[in-house]
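Visitor: I should like to understand how the terms used for a protein structure are justified. May I put some questions to you as we look at one?

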Amino acid sequence: MGQRIALISAVHEELAEILQLMPDEQQVALGGRTYWQGHLQGHEVVAVLSGIGKVAAATTTALLIERFAPQQVIFTGVAGGLMSGVEVGDIVVGSALVQHDLDATPLFARHEVPGYGRSRFQPDLALTQVLHAAAKDAVTWLPKLLNPEVLRAMGLHSPSVHQGEIATGDRFVATEADSAALRAALPEALAVDMESAAVAQVCHDFGLPFAVVRTISDRADSQAHVDFRLFLHEVARHYSARIVRKALNLL
């Protein structure tokens with residue numbers, strides 16, 4: 001038997017697709033959340049929905065680690081593209097996670113997490129490389145996973161895989177002004193979401209290897225709310241299931 005892997009999904013559509021791959025899953029209710037235990041690709045798996053926002057994601061992750069003692073954590077989800085060239089349908093594998101809305105100045109530098117002496121948390125290198133390989137596999141399968149009408153409607157032509165910084169905050173970024181402000185404050189950030197850095201901090205606290213992969217659902221601008229739901233239903237769930245299955249094959 002392989003390792004015990006925790007799979008945290010940011011959105012319900014992704015989790016549902018992953019659970020379909022786990023025929024023997026059993027539910028455990030804890031802290032107002034439902035955790036699914038089962039097996040996938042030769043590994044013990046615990047899958048759960050993170051909840052939206054940093055507090056929900058941190059609580060979910062802490063309960064998960066304390067109760068189920070996974071050996072590695074994989075976090076999948078969607079994000080808004082920030083950096084130029086990071087487009088809808090692309091995949092970002094996190095190499096650093098930062099809270100864009102954390103500001104304890106003048107006591108600490110902007111974005112620094114009080115008590116940690118750092119502003120970024122780095123995922124496990126080996127697990128990140130596995131997710132990067134799985135993401136590269138997923139984008140090559142895109143034309144076969146989606147029908148041509150969806151590909152045209154979403155403007156998905158030749159998606160790319162990026163690796164770099166992901167910014168997290170308790171705000172759905174949906175205006176060009178907000179995106180521009182984030183780019184100015186965090187010029188290295190490829191994408192923005194609402195949970196990843198919180199999960200990263202909890203995994204750091206427990207000394208647990210983790211990695212993050214995010215599919216770009218929108219460009220974090222005035223069209224974000226329009227694209228988001230369509231993308232979840234038509235694209236993200238297929239991507240996530242493919243990435244998870246491939247990654248677990250590689251572990």
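Visitor: In what sense do strand S1 and S4 pair, and over how many bridges?

Guide: This is a predicted model. In it, strand S1 (residues 4-9) and S4 pair in the parallel sense over 6 bridges. Two strands are said to pair if there are at least two bridges between them, and 6 bridges are found here. One such bridge links Ser-9 to its partner Leu-49 in S4.

Visitor: In what sense do strand S3 and S4 pair?

Guide: Strand S3 (residues 33-40) pairs with S4 in the antiparallel sense, again over 6 bridges. Gln-37 stands opposite Val-46 in S4. The two strands S3 and S4 form a hairpin, with 2 residues between them.

Visitor: What makes strand S4 largely enclosed by the rest of the structure?

Guide: A residue is called buried when its relative accessible area is under 20%. In S4 (residues 43-49), 5 of the 7 residues are buried, and therefore the strand is largely enclosed by the rest of the structure.

Visitor: Why is Gln-41 called partly exposed?

Guide: Partly exposed lies between the cut-offs of 20% and 50%. Gln-41 has a relative accessible area of 31%, so it is partly exposed.

Visitor: What is the phi of Gln-41?

Guide: Phi of Gln-41, in the loop between S3 and S4, is near 50 degrees, a positive value in a residue other than glycine. Most residues other than glycine have a negative phi.

Visitor: How do you know that the span of helix H2 agrees with what is expected?

Guide: At 1.5 Å a residue, the 15 residues of helix H2 (residues 54-68) should span 21 Å, and the end C-alpha atoms are 21 Å apart, so the two values agree.

Visitor: Why are the buried residues of H2 said to line one face of the helix?

Guide: The buried residues of H2 include Ala-57, Thr-61, Leu-64 and Phe-68. Seen down the axis of H2, its buried residues fall within an arc of 165 degrees, so they line one face. On the other side of H2, Val-55 and Glu-66 are exposed.

Visitor: Where is Ala-69 found, and what is its phi?

Guide: Ala-69 comes just after H2, in the loop between H2 and strand S5 (72-81). Its phi is positive, at about 50 degrees. With a relative accessible area of 42%, Ala-69 is partly exposed.

Visitor: What kind of peptide bond joins Thr-105 and Pro-106?

Guide: A cis peptide bond joins Thr-105 and Pro-106, with omega about 5 degrees. Pro-106 is in the loop between strand S6 (91-99) and strand S7 (120-121).

Technical notes
Residues are numbered from 1 along each chain as its sequence is written. This is a predicted model: local features need pLDDT of at least 70, side-chain atom pairs count only at pLDDT 80 or more; totals for chains, interfaces and linings use all residues. Side-chain values use heavy atoms; hydrogens and water are left out. Helices (H or I, at least four residues) and strands (E, at least two) are DSSP runs, numbered from the N terminus. The expected span of a helix is 1.5 Å times one less than its number of residues. Buried means under 20% relative accessible area, exposed over 50%, partly exposed in between (1.4 Å probe, protein chains only). The arc is that of the directions from the helix axis to the C-beta atoms.
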